[in-house]
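Me: I'd like to practise reading a model feature by feature. Could you take me through one?
Reply: Sure, here it is; ask away.

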Amino acid sequence: MKLTPFTSAEEFAIYCAKSLKEAPKRRRSAFKYFSLNTLSSVNDVLYPQSRMVVLREVFENFDFNIYTDSRTEKVVSLESHKEASALFYDPKKMIQIRLEGVLEKVEDSQNYFESLNDQQKRDYRTKMAPGSQTDSFKTIHESEGGYFQILRFHAQRFDLVQLHSEGHRRVKGYLDIKGAISSLCWVTP
Ligand SMILES: Cc1cc2nc3c(=O)[nH]c(=O)nc-3n(C[C@H](O)[C@H](O)[C@H](O)COP(=O)(O)O)c2cc1C
């Protein structure tokens, strides 16, 4: 269904937060897969690194969890740069959500790992670390253990865009330490 253009900045922000919160449970939500961006040094030069990930759990106002392998670059680079951003886009609703904040490791990831089924666990049991050069496309898995890691993103700022034939809309806002919206305003798209 086509969205009418937002006329309240608060309603636009609440709509986006709610859509993200529901995305993991909605099979067809476009926000389920998104670009997570972190910073990494390559030969002492800092580069933004983007990759697609699955949105797993969303908390109040744009905080969320993703699942990954603890050996991936996004986890390793956390030691030196915890700043991260996330980019979501719904092509049907023409809504872009940009978030900026910090990423952190969730300490009790291992407890959660035990609740996954064997097929799900397999993804986090590759013998070689993700990104390692191999001789073949075939992946060798270990039968036990694993490198499962949950990462929590704490959003600090958001930037929302709605592209619309009746006029584009854009809102920027800040979140306080508890994740509540502390300020927001319309900005020129
Ligand atoms: C559609 C899609 C979804 C993906 N979801 C995840 C995910 O939820 N977690 C993850 O660690 N990697 C996921 N990947 C793989 C990442 O994009 C990336 O290749 C991998 O995490 C290694 O990234 P890094 O070494 O830069 O951290 C996904 C890839 C695609 C294409």
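Me: In the hairpin of β3 and β4, which residue takes a positive phi?
Reply: Keep in mind that this is a predicted model. With a hairpin, look at what sits between the two strands. Here five residues separate β3 from β4, and N61 takes the positive phi, near 45°. N61 is a residue other than glycine, and its place is the loop between β3 (57–58) and β4.

Me: Is N61 buried or exposed?
Reply: For that, count C-beta atoms around the residue; 20 or more within 10 Å means buried. N61 has 22 such neighbours inside 10 Å, so it goes down as buried.

Me: How many bridges join β3 to β4, and in which sense do the strands run?
Reply: Check the bridges, then the direction. Two of them link β3 and β4, and the strands run antiparallel. For a cross-strand pair, take E57, which faces N65 in β4.

Me: How do β4 and β7 pair?
Reply: Apply the reading you used a moment ago. β4 and β7 (residues 148–162) are antiparallel, with six bridges joining them. As a landmark, I66 sits opposite L151 in β7.

Me: What about the hairpin of β1 and β2: which residue there has a positive phi?
Reply: Go to the turn again. That hairpin has two residues between its strands, and N43 adopts a positive phi near 50°. N43 isn't a glycine either, and you'll find it in the loop that runs between β1 (33–42) and β2.

Me: Is N43 buried or exposed?
Reply: Count neighbours again; 12 or fewer within 10 Å makes a residue exposed. N43 has 5 other C-beta atoms in that radius, so it is exposed. Put the two loop residues side by side: N61 is buried, whereas N43 is exposed.

Me: How many bridges do β1 and β2 pair over?
Reply: Ten, and the pairing is antiparallel. To find your way along it, use L36, which stands across from R51 in β2.

Me: How many of the ten residues of β2 are buried?
Reply: Here you tally burial over a whole element rather than one residue. For β2 the tally is zero, so the strand lies largely in the open.

Me: Now the ligand. Which residues are closest to it?
Reply: Start with the shell, then pick out the nearest members. The shell has 15 residues, and the closest are R51, T68, T72, E73 and K74. R51 is one you've already met, as the residue opposite L36.

Me: Which element supplies the largest share of that shell?
Reply: Map the shell onto the secondary structure. β2 gives the largest share, five residues. At least two residues each come from β2 (45–54), β4 (64–69) and α2 (73–76).

Me: How do the shell residues divide by character?
Reply: Sort them by side-chain class. You get seven nonpolar, four polar and four charged residues.

Me: Let's zoom out. How many helices and strands are there in the protein chain?
Reply: For the overall view, count the elements and then check the chain's extent. The protein chain holds four helices and nine strands, and its C-alpha trace spans about 55 × 40 × 35 Å along the principal axes.

Me: What percentage of its residues count as buried?
Reply: Of 189 residues, 25% are in the buried class. For sequence separation, take contacts between residues at least 6 apart: 59% of those join residues at least 24 apart.

Notes. Residues numbered from 1 in each chain as written. Predicted model: local features only at pLDDT ≥ 70, side-chain atom pairs only at ≥ 80, totals over all residues. Near = placed C-beta within 6 Å. Nonpolar A, V, L, I, M, F, W, Y, C, P; charged D, E, K, R; others polar. Pairing = 2+ DSSP bridges. Contact = placed C-beta atoms within 7 Å.
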